[in-house]
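Good morning, everyone. I would like to walk through one model with you, starting from a single residue and then widening the view.

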Amino acid sequence: MLSERDRRALQSVAVQFFANGAVVGSVLPRLPEIRDRIDTDLATLGIVFTLASFGGLLGSAVCSPIIERVGSKTAMIGGGLALTSTLFLTAAASSPWVLLIALSLWLLFDVVADVAMNMQGSAISSRRSVPVMNRLHGLWSLGTVLGGIAASFLAWIEFNLEAHLSAVALTLIATMAFVAPGLLPEEEVIQDDEATPPGGPARSHRTVLLTFAVLAAMAMVMEQTSNDWSALRLTDDLTQTAGLAALGFVAYTVGMTVGRFSGDSLLGRIGQHRMIRAGASLNGFGLALAFLVDTVPTVLVGLVLAGLGNSVIFPMLYDQAAKAPGKAGAGLGAMVAGSRVGALVAPVTVGTLASTDALSIGQAVALTTIPCALIVITIRAAQARTDRRQLSSA
């Protein structure tokens with residue numbers, strides 16, 4: 001049973017997960033309006049997303065040294081405040097260059113806050129008889145859903161974009177007054193360096209880190225691409241209004257939220273390898289429906305299924321990476337670096353493919369994401385076979 005102190009820490013981390021999700025949910029559904037405001041095309045928008053991802057790569061390089069120096073508590077507070085503050089600059093963006101700066105800072109600070117809050121969450125989860133990481137990530141998804149619903153409604157009524165994002169920023173900054181006092185001190189966050197990494201103790205530390213990076217890159221391509229392009233899929237491919245198109249983002253995040261709130265109980269029944277393989281399979285099927293079938297209801301249903309499938313992958317990777325042996329945040333740093341490489345490659349790939357006459361946005365997304373699902377399934381199947389051989393020879 002959790003102590004009162006641990007319950008308070010869990011509440012703080014839970015609020016921060018929700019707040020970080022709300023930042024994402026508030027921006028992405030209004031992306032078509034931002035695109036129109038800065039007066040750019042899909043190819044340029046893809047380049048902006050790609051260049052901004054270098055901010056995330058920088059964040060993955062500096063997050064472990066920062067956390068080692070100031071601790072996960074301070075890193076989470078500072079990163080969370082800085083991340084939320086980037087909404088002011090995003091709201092004021094009037095050119096691709098300003099949007100690039102805003103998104104670069106957003107992704108840099110997001111990595112620092114993300115790694116720190118997952119370290120705090122994993123430490124709390126390890127003290128419980130039933131894990132909590134999927135549900136914490138579920139709160140992140142819930143933040144994206146509620147933020148996305150609000151953004152969809154405000155886009156529908158053509159509410160001022162700057163007023164909307166500024167109000168969200170001020171509200172989320174105020175929540176830090178609740179979050180900060182309850183976080184765990186660093187000596188209670190650092191976990192046992194002898195924890196067994198995924199894939200079994202025979203795997204080298206370097207191989208473990210590389211596996212984290214590859215799986216995270218594939219998962220990020222699937223998740224980010226669905227987030228970034230779902231609204232544009234509906235506006236550009238299917239000629240829907242900005243208000244209705246924003247529901248594409250909401251549909252995906254609804255699937256993510258439902259999957260994450262049910263993931264912890266499912267994990268105990270089928271195990272990590274089977275759960276990730278099943279999730280990647282469902283994700284690939286949902287992506288095919290959403291981006292290859294040109295009817296609005298099918299797109300929305302496909303996005304829900306894709307969200308359900310992808311929902312369980314990142315929480316398990318984060319929890320495993322937080323327990324990886326080595327320096328504080330090293331496993332998470334490798335995982336986040338991989339995810340940022342995926343974030344770097346995916347936008348420019350989709351933007352370039354979609355800007356040609358040969359492919360629609362949906363076809364470009366499908367060509368980019370479905371192979372990633374197949375790679376995740378292949379890697380986890382190979383790891384499962386290796387684990388079975390090690391158990392049988394033990």
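Does Pro29 count as buried or exposed? Pro29 counts as buried, at 1% relative accessibility, where buried means under 20% relative accessible area and exposed over 50%, with partly exposed in between, for a 1.4 Å probe and protein chains only.

Before going on, a word on the basis: this is a predicted model, in which local features need pLDDT of at least 70 and side-chain atom pairs count only at pLDDT 80 or more, while totals for chains, interfaces and linings use all residues. Residues are numbered from 1 along each chain as its sequence is written, and side-chain values use heavy atoms, with hydrogens and water left out.

Pro29 sits in the loop between helix 1 and helix 2 (31–38), helices being DSSP runs of H or I of at least four residues, and strands E runs of at least two, numbered from the N terminus. Leaving out residues up to four places away in sequence, Pro29 touches Val24, Gly148, Ala151, Ser152, Ala246 and Phe249, contact meaning heavy atoms within 4.5 Å. Thr144 is 115 residues from Pro29 in sequence, yet their C-alpha atoms are 9.9 Å apart in space.

Within helix 1 (residues 4–27) we find Asp6, which is buried with a relative accessible area of 6%. Not counting residues up to four places away in sequence, Asp6 touches Ile124, Arg127, Leu184 and Glu188.

Now the wider view. The protein has 13 helices and zero strands, and buried residues make up 57% of its 394 residues. Among contacts between residues at least 6 apart in sequence, 85% join residues at least 24 apart.

As for the interior, the largest nonpolar core has 109 residues, of which Leu99, Val115, Leu136, Phe212, Ile313 and Met335 touch the most other members; such a core is a set of buried Ala, Val, Leu, Ile, Met, Phe, Trp, Tyr and Cys residues joined through side-chain atoms within 4.5 Å. Helix 7 (residues 205–237) supplies the largest share of this core, 15 residues. Val115, leaving aside neighbours within four places in sequence, is in contact with Cys63, Ile67, Leu332 and Val336.

Finally, the overall dimensions: the C-alpha trace spans about 60 × 45 × 30 Å along its principal axes. The radius of gyration is 20 Å, which agrees with the value near 21 Å for a compact globule of 394 residues; it is taken over C-alpha atoms, and the globule rule is 2.2 Å times the number of residues to the power 0.38.
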